[in-house]
Amino acid sequence: MTISYLVSLIYALTFWSVDLFLWITNNLIPFKYQNLLVCILYITALAYLIFRIWKFKNIDKCTKGNWTVLLLFVNLVAMPIYIWRKDDILVKKNGNTKN
């Protein structure tokens, strides 16, 4: 999950500083294929995270809904926070409430 996020972030930085990342855009893959590849990677990771959130049985729907909205609309900030921190918390919370 982190790899797809980092690839997307680096790709977004290429639009900010074109000269710095010119070797990526010219030497690896033409632009039209880069855009498609990055979008497929990122959307697949995003869909998996949302599926994972809603797979938890013992987490309330409000928390699931909040994280779904955050991942959909503020994904540049929310995705790493969810991956690196919140997922572990929800896994523990989901496992602890099972009896």
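Among contacts in the chain between residues at least 6 apart in sequence, 60% join residues at least 24 apart. The structure described here is a predicted model, and the confidence assigned to the chain averages a pLDDT of 81, with 81% of the residues scoring at least 70. Confidence is highest in helix α4, at a mean of 92, and lowest in helix α2 (residues 22-28), at a mean of 63. Where pLDDT is low, the predicted coordinates should not be read in detail.

The chain contains 5 helices and 0 strands, and its elements follow one another from the N terminus as α-α-α-α-α. Of its 99 residues, 30% count as buried. The accessible surface of the chain amounts to about 7,000 Å², and carbon and sulfur atoms account for 69% of this area.

One salt bridge is present in the structure. This salt bridge is formed by Arg52 and Asp87, whose closest N and O atoms are 2.9 Å apart. Arg52 belongs to helix α3 (residues 31-55) and Asp87 to helix α5, so the pair ties together parts of the chain that are 35 residues apart in sequence. Asp87 counts as buried because its relative accessibility is 11%, below the limit of 20% that defines this class.

A second buried position was examined in helix α4, where Thr68 is located. The relative accessibility of Thr68 is 12%, and the residue therefore counts as buried. When neighbours within four places in sequence are left aside, Thr68 is in contact with Ile50, Ile53 and Trp54. Of these partners, Ile50 and Ile53 fall within the range of residues 31-55 given for helix α3, as does Trp54.

On the surface, a nonpolar patch is formed by Val69, Leu70, Leu72, Phe73, Val74, Leu76, Val77 and Ile81, which together have about 730 Å² of accessible area. Two elements, α4 (61-73) and α5 (75-96), each give two or more residues to this patch. The largest share, 4 residues, comes from α4. Leu76, one of the patch residues, is placed in helix α5. With a relative accessibility of 49%, Leu76 counts as partly exposed, because the exposed class begins only over 50%.

Helix α4 thus holds the buried residue Thr68 and also gives 4 residues to the nonpolar patch. Helix α5, in turn, carries Asp87 of the salt bridge and the partly exposed Leu76.

Definitions and conventions
Residues numbered from 1 in each chain as written. Predicted model: local features only at pLDDT ≥ 70, side-chain atom pairs only at ≥ 80, totals over all residues. Heavy atoms only, no water. Patch = residues over 30% accessible without salt bridge, like charges linked within 9 Å, V, L, I, M, F, W, Y side chains within 5 Å. Areas by Shrake-Rupley, 256 points an atom, 1.4 Å probe, with all protein chains shown as cover. Salt bridge = Lys/Arg side-chain N within 4 Å of Asp/Glu carboxyl O. Buried < 20%, exposed > 50% of the residue type's maximum accessible area, 1.4 Å probe, protein only. Contact = heavy atoms within 4.5 Å. pLDDT = per-residue confidence, 0-100.
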